Amino acid sequence: MEKGIFGGLLIILDELGKFLEFSARHPEKQDVYFLQQLAETSSRSNSCPVLTISLLHQGFSAYAGCLSDTTQREWDKVGGRFGSLSFTQPLTQVATLLATALCVRHSEELWGWKKRAKEDMAEAIELGMFGPSVGKTALSELAPDLYPIHSTVLPVLNRFFRRFGQNERSLFSFLLSSEPHALPDFASRPASAQNVYRLSDFYDFAAENFAHRLSAQSFRSHWHQIDAVIRSHPEQDGLDIQILKTVGILNVIESQELLPTRELLSLALGHPEDLDERLRELSQKRHVLFNRGIRRGFSLWPNTSVNLEQAFIDASEHVSSIPPLAEIVRQRLDNRPIVARRHYISTGTLRHFSVLFLTVNELSKSGADLDPVYPADGTVAVVLCEKDDDRSRAEEMVGRLKTHRQVVLAISPPLEGLQGHVLELERWQWVQHHTMELKDDRFAATEVAGQISAISGMIENWIQQQINFRSTGSDAESRIRWFHKGSPVESLNQGGSLQSFLSTLCVDKLFPKAPLVHNELVNRHSISSSAAAARQKLFKAMLESAELPLLGLPDDKAPPEKSMYLSVFLEGRLHHADAGSWKIALPESGKHSDPCHLRPTLDAIIHRLEEKPDARVNVGDLYTLLRSPAYGVRDGLIPILLLTVFIVHETEIAIYEDGVFQPQIEDFLMMRLARAPQTFEFQLCRINGVRRDLISQLASVIQSDQADKTKLLSIVRPLCLFVAEQPDYVRNTDNLRPETLALRKAIESAREPAELVFHAIPKALGFSPKVNKEIDAAKLAKKLGESLVELRRCFPELQSRMSAAILDAFDSNASLETWRTSIALQAETVLVGLTDPDLRAFCLKLLDDAMPEPEWLEALGSFLTRCPPSRWKDRDELAFCERIRALASQFQRVLATCFDKDGSLPDSAIRVAVTPRNGEEKDMVLRLTPAQAKEAATLKRAVRDILPATHQISLAALSQVLWDLLQDTK
C-alpha cells in the first residue's frame, strides 16, 4: 500500500462470535443483516476494493442455536455471503496438545497403563475411529500421556466440541474447568490403570453441560429419546448403564467413523467378559437397545419410519405465513387482575385492575370500552404493537384517553422478534397434524411434541423478557411505555412497580373519599353466606337496639356481626353515647372525629336524595354512585350505610319496594334490598311552609311515639301501620261510614306520603285538596280522629254483635260470661250419647267456658263459618247468625228429651213433632220405661207388616195417626 501497488480497504473483524451472540439475544438492538450489506459491498467493490475478514471459533450459523429454525435459515443466507476457510487441527495435533496440557507423570499407581494405552490406541485406529489417514505410530506413542482419557474418548471429544462447542476452546474448558463431570472432577478419584475416563463418563459431562443445545436440535440428534432411555434405566446396573451411555453419546455424534458396533463398545468399556450377554439382555429382553446392522451399529431407539427433517421441509413449503403476532401474544399473556396491595393494606379495601390486551386498530376504535366493568376498579390496557409504526400510532392516540382516569395504558415493544419462533412453531404443528406416520412412531411423535414444547418455551421466555408488565423494577418492564390520562408515567417507564403505582393512583386520584373499613367479612364486593347472615343480625340490632351499648350484641362473645359493629360503627363513630343514651348518628367531619372516613359517603347519599326533593331515587342508582370514583364503596358495606342514613333521617326518608310504600322497615326488608337493590327506591320528604300547620294538627291525632309535628313520615308511618295491623275484617267490611271507607282506601292505596297527607286524606274526608290554605286543619284532624276511632272499634263491635246473636238464639237475658257458665252444664248433659257430628262439635265449644271471651268467639265463629271472624267479610256475619240460631234450636230440642218431669234422666226418650199445612204445630216428648219400650218395639213390627210398599203413603198415614194421637193427648 505504501508503494501504491494496492489501493483499497481491509476490514478484519476479530471475535465476531461475540457480536453474533449479542445479536441473537437482542435482535432489536443489533441486526445481523449489516454483515450481509458489508459482504455485498465487498463483493461489488471494483476500483477501490474492500476486503472483509472475520474470525470465528464456530460456523456462522452455530451462534444462532437459540433462534428459531426459520431465523437460522436467514442467518445461513447471511453466512453464505462470506467464503468459509475452516481450520481444523488433525487429531494427532489435538492429542499432542492434550498430552502437553495433562503433563502426566507415570508413577507406580499407573503400572501397566502404558502397554494397555498403546494397545487400546492401536485397536481404536484399526476400528477407524481416527479416520483413514492418521499417524498410527505417533498416536500410539502419545496414548500413555493422555491419562486418564481413554483412547476412544479422544475422537469423540474432537467431533463433539466441533459440532456443539467452540473447538479447542471448549476442549480446554473441558480439561481445566470445574464443570460437573469434566476432567478435573474425574481427576479427584485415586489414580490407577483401571480408573480411566471413558465414553460413559463423557456422556455425563455432555448431559450436564450441553443438554440445552442438544434439546434444541433433538430431532437431528435424537437427544430426547437417548436421555429418556438412560434416565429411566436403573443406576445399579453398572455395566448396563455404561453400555447405554456409550451408545448414547455415539448416537448423538452419529458419525460413520464412530459407529457403536460391538467391537467399539468392547474397546470403550475395557473388554468386559459378559459384554455379549449384556447386549442380548438389553436388546432382546429389555428392548432398550436396538442393533441396526453393521452399517449403523447399536442405537437407543428402533428404526424410525418418519424423516423429521424432510417433514419439516415439507411444512416450510406449506406454511409460509403466520397469524397476527398480537393475537398469538394475547393468548399467552396472563390476563389475571392486578391487585393494588399497598392500598389494600392501608385502607382495608381490596381493589383490582382488570387487564385488557388490544391491538392498535382496536385502540383506535375503543372509547368507553376501556373503562372498567364492575366489579373492577380500573383497567390496565396493554397495546400489542407488531412493528415500530404500530407503536408510533399508538402513542399518537394516547391523547384521546385524557378523560379515562381509571385506565392505565401500556404500549408494548415491537413483536417482530417473535416472528421466526412463531413461524417455526406453526410448521412443527403442521408436521404434527399432517404426518400420519407419527401415530405408528411414538419416538418421532415424542420428538415433534418436544420441538413444539421447546419453541413454545422460547416464545414464553421472549414474552416474559419483553412484555412482562407485572414484574417489579425489572429491565423488561422499562421496554413498555406507560401512560395515564394522556401523559407518560415516568416512574413506570423507569422500571418502577406497577402495583405501587396503582396503589398510589387509588388513594390520591381515584378513590379519595372511600371509607377506611378494615373488615374482610363485609368490605367486599360479594360476601359469603355466613357473612350475609351476620349482616342480617346487624340490621336487626340497628333497627331494634340502637339505644343499647354494642347494639345489644353480647359483651362476652365475638360473633361475626360483632366484628362488623366494632369495625364500622364503633371505630367509625356511628354509634356513640350522648347524654347517657346510645344512638346511631353521623360522625362529624374530620380525621379524628371520622377515623373511618365514612362521612363523605354518607353525605353523598343525602345529597343525591336532596337533588330532587319528593322524587324517588332508585337504590340501584345509589349503588352505582357509591361504587364509582371517588367513593368506591364495596357492595357488602353499602346496605349498612344506607340503613344508617335511614335511621338518622327516619322521619324524612320513605322506602318503596316494587313501587309500594313500606311503612315498616325490618331486617328482612333490608336483606331483600341487599339482594335486589334495583327493586327499591328512596324518597326524601321534607315539609316546609303552609303544610306545617296541617302536619301539626294531624300529629295531635296520631297516637304514636314517632309522631312529630314537623316530619311528614312521622304521620304517614303510624297511619299506614295502624291500617296494616287491623284485622282483615276491618279492611274488608262495608259497615262503615263513607268517609271512613274512603280514608281506609286512601291509606291502603297510598304510593306517596305527601300525596296521601295533602291530597288523598283531605279528599276522602270531604275536603278540597286543591288549595292547601282553604283546608281547615282543625276540622280535618277532628274528622280523621273520628274515622280512626271507627276503624279501631270496628272489630270489637263485630265481637259484640256476635255475643248478642248468641244470647238471642238461646233466649237469654244474662251476660255472655254468665250464660257461658250455665250453658256449659247443659252442653255436658246433651253431649252424652250424642252422635250428630255438627251438634256434638257445637256442644264441645259450649263446654269450653275457661277460654277468654275474644278467643272463644274467634273459635266459635271459625267453627260455624269455616273462617275466623278476624278475616270475615260482611256475608260471613249473616251466615254466623243463621247458623247459631239453627244449632241453638236443635240444642234446645235435644235438651228437652234429657229430663223427666221430676228432673230425673229417663232410660229412653224421643221427641215427636208434626206440622200440618195450616201452620199449627203439635209436639210431645215421650219417655218410656224398659217394659214400655219392649212393647213399643213389638207394635212397630206389627205396624210395619201392614204398611203398603209406597213410603210416601205410609208416612202420610202415620203422620195423620200421630196428629190424631197428639190431639187426643192434649
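Two strands count as paired if DSSP finds at least two bridges between them. Helices (H or I, at least four residues) and strands (E, at least two) are DSSP runs, numbered from the N terminus. The model on screen is predicted: local features need pLDDT of at least 70, side-chain atom pairs count only at pLDDT 80 or more, and totals for chains, interfaces and linings use all residues. Residues are numbered from 1 along each chain as its sequence is written, and side-chain values use heavy atoms, with hydrogens and water left out.

**Stop 1: a hairpin**

Select His-484 and Ser-487. His-484 stands opposite Ser-487, which belongs to strand E10. Now extend the selection to strands E9 and E10 (residues 487–488 for E10), which pair in the antiparallel sense over 2 bridges. The hairpin they make has 2 residues between the strands, and Lys-485 there takes a positive phi near 55°.

**Stop 2: the sheet around the hairpin**

Add strand E8, residues 407–411. E8 and E9 (residues 481–484) run antiparallel and are joined by 4 bridges. To find one partnership, pick Leu-409 and look across to Phe-483 in E9, its bridge partner. Strands of a sheet pair through backbone hydrogen bonds, either parallel or antiparallel.

Show the whole sheet next. It is an open sheet of 6 strands in the order E5-E6-E7-E8-E9-E10, with mixed pairing. Its edge strands are E5 (338–339) and E10, each of which pairs on one side only.

**Stop 3: strand E1**

Go to Ile-11, which sits in strand E1 (residues 9–13). Which residues does Ile-11 touch, not counting residues up to four places away in sequence? They are Leu-38, Val-50, Leu-51, Thr-52 and Ile-53, where contact means heavy atoms within 4.5 Å. Leu-38 is 27 residues from Ile-11 in sequence, and their C-alpha atoms are 9.8 Å apart.

**Stop 4: a cavity**

A cavity is a set of points, on a 1 Å grid over the protein atoms alone, where a 1.4 Å probe fits but cannot get out; its lining residues have an atom within 4 Å of a point. Grid points are joined across faces, edges and corners, and a volume is the space filled by probe spheres set on the points. The structure holds 2 cavities of 30 Å³ or more. The second largest has about 50 Å³ of space.

To see its lining, select Trp-113, Arg-116, Ala-117, Asp-120, Met-121, Ala-143, Leu-146, Ile-149, His-150 and Ser-151. By class, this lining has 6 nonpolar, 2 polar and 2 charged residues. Ala, Val, Leu, Ile, Met, Phe, Trp, Tyr, Cys and Pro count as nonpolar, Asp, Glu, Lys and Arg as charged, and the others, Gly among them, as polar.

**Stop 5: salt bridges**

The whole structure has 31 salt bridges (a side-chain nitrogen of Lys or Arg within 4 Å of a carboxyl oxygen of Asp or Glu). Select Lys-118 and Glu-141, whose closest N and O atoms are 3.8 Å apart. Lys-118 lies in helix H5 (residues 113–126) and Glu-141 in helix H6 (residues 136–142), so this salt bridge ties together parts that are 23 residues apart in sequence.

Are these two residues buried or exposed? Lys-118 is partly exposed at 33% relative accessibility, and Glu-141 is partly exposed at 48%. Buried means under 20% relative accessible area, exposed over 50%, and partly exposed in between (1.4 Å probe, protein chains only).

Move on to Arg-737 and Glu-739, which meet in a salt bridge at 3.5 Å, N to O. Finish with a network in which salt bridges that share partners join Asp-240, Arg-278, Glu-281, Lys-285 and Arg-286. Within it, Arg-286 and Glu-281 meet at 3.7 Å, N to O.

Conventions. On a 1 Å grid over the protein atoms alone, a cavity is a set of points where a 1.4 Å probe fits but cannot get out, and a pocket is an open set with protein on both sides within 12 Å along at least five of seven lines; lining residues have an atom within 4 Å of a point.
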